[in-house]
There are 2 protein chains.
Amino acid sequence: MDSVAQLTFIIFLSWISHVSSEAIIRLPSENEIPGEYCDSWRLAVETNNVGAWNQIPANCVDSVAEYMTGERYKRDCEVVGKFSLKFAKRVALAGDGRDAWVFDIDETLLSNVPYYKAVGFGSEIFNETSFNNWVKLADAPAMPSSLSLFKELQELGFKIFLLTGRSEFQRNVTEANLLFAGYRNWERLILRGPFDQRKSATDYKSEKREELVNEGYRIHGNSGDQWSDLWGYSVASRSFKLPNPMYFIP
Amino acid sequence: MDSVAQLTFIIFLSWISHVSSEAIIRLPSENEIPGEYCDSWRLAVETNNVGAWNQIPANCVDSVAEYMTGERYKRDCEVVGKFSLKFAKRVALAGDGRDAWVFDIDETLLSNVPYYKAVGFGSEIFNETSFNNWVKLADAPAMPSSLSLFKELQELGFKIFLLTGRSEFQRNVTEANLLFAGYRNWERLILRGPFDQRKSATDYKSEKREELVNEGYRIHGNSGDQWSDLWGYSVASRSFKLPNPMYFIP
């Protein structure tokens with residue numbers, strides 16, 4: 001099916017689910033969100049009020065599509081970048097090469113909007129195979145405000161650590177994609193190893209941050225689009241949450 | 001000065017600060033936020049990206065006023081209430097009278113919008129004397145979605161604890177205001193005592209939650225408009241962040 005057909009099918013399913021009440025089909029998404037509440041749902045996602053979720057509400061596909069492809073998402077990210085830099089400029093760096101900033105990759109440094117555009121902006125359940133095929137293309141563009149921040153942090157003297165939920169087998173394509181998008185000279189790229197596969201992102205990322213702290217790094221800042229990039233233990237002095245209404249990672 | 005004159009003065013100061021660059025006057029607010037970025041600034045506040053702040057950006061007074069008095073704020077709060085209740089309904093209550101839910105008061109159960117309307121919606125630095133005079137009136141209306149949630153939680157069997165940054169000397173007026181607004185039968189109202197005055201809200205509220213935990217209460221949910229209502233230690237199983245772009249409490 002092409003993406004329009006897939007969307008049509010999902011909307012049809014949602015309609016079936018609506019007319020048949022709870023009786024026959026009940027999609028796991030929040031189908032009951034009325035269209036005029038989609039912006040409020042998005043805010044609830046960003047403030048972690050929704051809890052775990054695996055599909056955007058059926059009524060909010062157009063709203064999320066408009067948000068992700070319009071000016072507002074770009075501006076929201078720019079403002080996060082602006083406050084990140086403002087904080088970074090006030091950090092007193094020790095200058096011993098141990099001043100660190102941690103970045104997540106997907107929807108933080110690289111944008112997967114071209115992929116999500118083709119799969120209904122998160123209205124479909126996450127398909128690992130199809131997403132991994134997209135990752136293999138190494139074609140994700142940079143998020144412009146993050147690329148600026150990345151470079152400015154390096155100029156200020158921060159060591160940049162990339163901590164991603166992607167797996168070791170994706171190391172080469174991930175490096176290729178980062179270079180293609182304009183990122184250079186990161187200190188280390190940390191991916192999930194064989195023993196990290198079943199861990200939650202919060203646990204896996206906390207462990208990896210703790211390893212950095214044990215190596216003597218001071219994690220001043222951390223940027224990510226998921227709260228699971230930022231919460232847990234060995235957290236940064238300041239955490240910066242980029243918006244992402246397309247998917248949730250625990 | 002009346003509030004219009006104060007606003008005019010602040011806008012004038014901001015203009016002075018703009019034309020004179022950093023040289024003469026530098027207001028502590030984020031004057032450099034362009035008007036079309038005010039929604040993004042608001043999101044940055046809600047996701048705690050802004051850090052500590054004490055005035056809304058001068059360019060965003062109209063935007064915050066429109067948000068707080070229009071449909072959007074109401075809807076945002078309704079959606080938070082909806083997800084809070086959804087979670088609450090899934091909690092397996094022990095039925096021993098120790099299943100707890102913690103609410104903050106200002107901008108959580110009670111709305112101070114009538115007060116903030118008169119002082120530029122957070123564009124002025126917080127004035128404790130004038131705010132305390134407002135509190136004394138015991139005239140703050142209920143936030144409708146919170147009043148519904150409050151009642152529904154009680155029907156489900158939760159014990160309700162009110163944990164506020166207000167001080168003991170405001171106990172009577174606070175109780176009177178809560179009753180006037182329609183709240184009934186809370187388990188306990190916890191206010192800042194003499195030894196809590198200099199503590200951050202995060203520390204004070206964490207200590208008070210810890211005391212509840214030590215008494216055997218299980219804090220399933222916590223609702224507040226500030227991250228300092230929700231973070232720290234002895235946190236609830238799920239925390240719900242209500243929007244508040246008018247002020248920040250550390």
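Is C38(A) buried or exposed? I looked up its relative accessibility first and found 2%, so I logged C38(A) as buried. The cut-off for that label is under 20% relative accessible area. I note here that the model is predicted, and that my entries are readings of computed values.

**Entry: the cysteine pair in chain A**

I then checked the partner of C38(A). C38(A) and C60(A) form a disulfide, with 2.0 Å between their sulfur atoms. I placed both ends in the chain: C38(A) sits in helix α2 (residues 38-46) of chain A, and C60(A) in the loop between α2 and α3 (61-69), so the bond ties together parts that are 22 residues apart in sequence. For the handedness I read the torsion about the S-S bond, which is about -85 degrees, so I wrote down left-handed for C38(A) and C60(A). C60(A) has a relative accessible area of 0% and is buried.

**Entry: the cysteine pair in chain B**

I repeated the look-up in chain B. C38(B) and C60(B) form a disulfide, and their sulfur atoms are 2.0 Å apart. The link between C38(B) and C60(B) is left-handed, with -90 degrees about the S-S bond. It joins distant parts of the chain, since C38(B) is in helix α2 (residues 38-46) of chain B and C60(B) is in the loop between α2 and α3 (61-69) of chain B, 22 residues apart. I recorded C38(B) as buried at 3% relative accessibility. C60(B) is at 0% and is also buried.

I closed the tally at 2 disulfides over all chains.

**Entry: C77**

I also looked at C77 in each chain. C77(A) has a relative accessible area of 4%, under the 20% cut-off, so I entered C77(A) as buried. C77(B) is at 4% relative accessibility and counts as buried.

**Entry: how the two chains are related**

What rotation superposes chain A on chain B? I found 180 degrees, with 0.0 Å of shift along the axis and an RMSD of 0.0 Å. That is the relation of a two-fold axis. On the contact surface, I noted that 100% of the contact residues of chain A recur in chain B, and the same surface serves both copies.

Which residue of chain A comes closest to the rotation axis? I have T47(A) down for this, with its C-alpha at 2.9 Å from the axis.

Methods
Residues numbered from 1 in each chain as written. Chains lettered and ligands numbered in written order. Predicted model: local features only at pLDDT ≥ 70, side-chain atom pairs only at ≥ 80, totals over all residues. Heavy atoms only, no water. Least-squares fit on C-alpha atoms with pLDDT ≥ 70 in both. Contact = heavy atoms within 4.5 Å. Disulfide = S-S within 2.5 Å. Helix = DSSP H or I, 4+ residues; strand = E, 2+ residues; numbered from the N terminus. Buried < 20%, exposed > 50% of the residue type's maximum accessible area, 1.4 Å probe, protein only.
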